[in-house]
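Reader: I am beginning to study protein models and would be grateful for guidance through this one. May I put my questions one at a time?

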Amino acid sequence: MQVFAPPSMSLRFVPVWRRNLLVWRKLAVPSILGNLADPMIYVFGLGYGLGSMLPEVGGVPYIAFLAAGMVCSSTMNSATFEAMYSAFSRMHVQRTWDAIMNTPVDLDDVVLAELVWAASKSVLSGAAILSVVWLLGLSNSLLSLWVLALVPLVGLTFGALALAVTAMARSYDFFMYYFTLIITPMSLLCGVFFPVEQLPELFQAIAAFLPLTHAVAIARPLLLGHVPADAALHALVLLAYAAAGFYAAAILFRRRLLK
Amino acid sequence: MAELATEIGEDAAVAQVGRTTSVLAAKDLRKSYDGEEVVAGISFGIAPGECFGLLGPNGAGKTTTLRLCLGLTDPDGGSVELMQRPVPGEARSARVRVGVVPQMDNLDPDFTVEENLVVYGRYFGLPERAIRERIPGLLDFAGLAARAASRIQALSGGMKRRLTLARALINDPDLIFMDEPTTGLDPQARHLIWERLKQLLAQGKTIVLTTHFMEEAERLCARLAIMDRGRFITEGSPRELIVRHIEPHVVEVHGDGVMKWADQEAAALVSRLEKSGDTVFCYAVDPAPLLASLSSRQELRYLHRPADLEDVFLKLTGRELRD
């Protein structure tokens, strides 16, 4: 095994993905409720509460502005959580990966399965918020359907980055650093709650490099009924983060588990 | 999925053709961690239908050897052929015909007994129907027929081990690796596992077993190697090893003044003495003079028994702890 070889991509990941799906199906209802509750509290709390005191933001009511940010950030959180805590449990605590690697499924296949699974779960989260946005009438444009295509990409991006973190983790505590130092600042800098333009220039420059900024930059115009400017460019940035994260995760997992 | 199934089907065909010679062969295998050689140049071949035992104290390199054979880590030197395929290069397709019972239970805790088997079968690319057809037989074999719908947490340690064994058989493997299959089990559970392993051998399966239970190795293995510090220090059938390394009679003696007795009387009557704690182990070809000496010593208690594999093991690997 060449540690730096590109990850092998094969359909062998499917049975591993199905394993995770089967576990999830047993806990689906609480899981979906959990996925919905947190972002809903933000949408209602900030959207109506804070929004009632604000003039229009970016030319729309605050809650409509916030909706796109919430779809992106809950997708991010869901993928991140799954690829960190849940994947770590399967790899390190339950030793599920060890059992799988004794079969004709390789480590690369397992890592790919975890990535696709994290993205799949995040799609549920993103889609759940999106349906609430539609139900509340916060978005009336057919263009908003395109967000359903964006959500899986966002899930892949953050799932891949989180897997690279998982590959370095010695215990669950390690994940707090990533949440505190990366995920939370990203939620605040990337245009989820307020336009990036409100930030000092230095922070705007930093935000331009962060993946969540590019997710929001696609989702917000779509929900508000516009065609996003530079959508392809933003999508490419997300794709680049996904590819780099996945490659880094593959290398780090090989060094950890195949040594 | 169809593509996957065909690919694995071909693998199986190739593996079948090569069944006449060895199912596993290692040549001068080496692996180091942090400059320490954990596997230090071992070679062996395992014929179809054989039960080969790999014995050794903790840290001898047994588990690393298994990982090298399965292609889960790259050797620093030497080569492995598993089911006639070079490992790690073609390890993935070699593993199609191999089952593994790992040292630590890693059953899926979220699943029932049956789901564990179904999900594991899918990793081999087996069609769903083929998996479902195999499960009743496997549950019977594992004595878990009434437990198909039980959750894993509800199973005893012995049941979990048997389920792990059944899981390793889901792909009907030709070769089964078992890493300390009965560690932590009570005697009843252990005997049941041994019974099942004998059945598998009778069916013509090949087994590679690591253990530090000498009794287990003596019962099951036609051939075994004792491994220490990354090397095979001896190899042969259990009988051969005992004859080669140990006098046929062992007398274990303890009691007041045993050390003095050992130095002044026993030493001259036996071929070899070993002191461990407050016990003296006397090894003799003819135990009669020693037993005569003991019969006049009421304060000494003793146990006279034939030499076994454990004596060989302790002689070759020493009595000090290995943790």
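Reader: Into which domains is chain B divided?

Author: The model is a predicted one. An automatic or database assignment sets the domain bounds. The C-alpha centres of the two parts of chain B lie 42 Å apart. Chain B is divided into domain 1 (2-235) and domain 2 (247-306).

Reader: How many helices and strands are there in chain B, and what does its C-alpha trace span?

Author: Chain B has 12 helices and 14 strands. Buried residues account for 40% of its 323 residues. Along its principal axes, the C-alpha trace of chain B spans about 80 × 45 × 35 Å.

Reader: Among contacts in chain B between residues at least 6 apart in sequence, what percentage join residues at least 24 apart?

Author: A contact here requires C-beta atoms within 7 Å. Once the count is limited to pairs at least 6 apart in sequence in chain B, those joining residues at least 24 apart make up 70%.

Reader: In what order do S11, S12, S13 and S14 of chain B form an open sheet, and which are the edge strands?

Author: The 4 strands pair in the antiparallel sense, in the order S12-S13-S11-S14. On average, neighbouring strands of this sheet are turned by 20° against each other, direction ignored. An edge strand pairs on one side only, and the edge strands here are S12 (272-276) and S14 of chain B.

Reader: Which residues are the bridge partners of B:His249 in S13(B) and in S14(B)?

Author: Strand S11 (residues 249-255) of chain B is joined to strand S13 (residues 279-284) by 6 bridges, and to strand S14 (residues 300-306) by 7 bridges. Both pairings run antiparallel. The partner of B:Val251 in S13(B) is B:Cys282. For B:His249, the partner in S13(B) is B:Ala284, and the partner in S14(B) is B:Pro306.

Reader: Which strands does helix H10 of chain B touch, and at what angle does helix H11 of chain B run to S14(B)?

Author: Helix H10 (residues 258-269) packs on the sheet and touches S11, S12, S13 and S14 of chain B. The direction of H10 makes about 175° with that of S12(B). Helix H11 (residues 288-295) lies across S11, S13 and S14 of chain B, and its angle to S14(B) is about 155°.

Reader: In what order do S1, S2, S4 and S5 of chain B form an open sheet, and which residue in S2(B) is the bridge partner of B:Tyr33?

Author: The order is S2-S1-S4-S5, with antiparallel pairing, and the edge strands are S2 (36-46) and S5 (85-87) of chain B. The twist from one strand to the next averages 30°. S1 (residues 24-33) and S2(B) pair over 8 bridges. In S2(B), the partner of B:Tyr33 is B:Glu36.

Reader: Which residue takes a positive phi in the hairpin of S9(B) and S10(B)?

Author: Strand S9 (residues 223-228) and strand S10 (residues 231-236) of chain B run antiparallel and are joined by 5 bridges. One of the pairs is B:Met227 with B:Phe232. The hairpin has 2 residues between the strands, and the residue with a positive phi near 50° is B:Arg229.

Reader: Where does the largest nonpolar core lie with respect to the domains of chain B, and which helix gives the most to this core?

Author: The largest nonpolar core has 160 residues, and A:Cys72 is one of those with the most contacts inside it. Because domain 1 (2-235) and domain 2 (247-306) of chain B both give residues to this core, it lies between them. The helix that gives the most, with 18 residues, is H3 (residues 62-93) of chain A.

Reader: Is A:Ala149 buried or exposed?

Author: A:Ala149 is found in helix H6 (residues 147-168) of chain A. A residue is called exposed if 12 or fewer other C-beta atoms lie within 10 Å of its own. A:Ala149 has 11 such atoms, so it is exposed.

Reader: How many residues does each chain give to the contact, and which element gives the largest share of the side of chain B that touches chain A?

Author: The contact takes 26 residues from chain B and 24 residues from chain A. By class, the side of chain B has 14 nonpolar, 4 polar and 8 charged residues. The largest share of that side, 4 residues, comes from H4(B).

Note on methods
Residues numbered from 1 in each chain as written. Chains lettered and ligands numbered in written order. Predicted model: local features only at pLDDT ≥ 70, side-chain atom pairs only at ≥ 80, totals over all residues. Contact = placed C-beta atoms within 7 Å. Nonpolar A, V, L, I, M, F, W, Y, C, P; charged D, E, K, R; others polar. Pairing = 2+ DSSP bridges. Core = buried A, V, L, I, M, F, W, Y, C linked by C-beta atoms within 7 Å. Buried ≥ 20, exposed ≤ 12 C-beta atoms within 10 Å, placed from the backbone. Axes fitted to C-alpha atoms, helices over the stretch in contact; angles between N-to-C directions.
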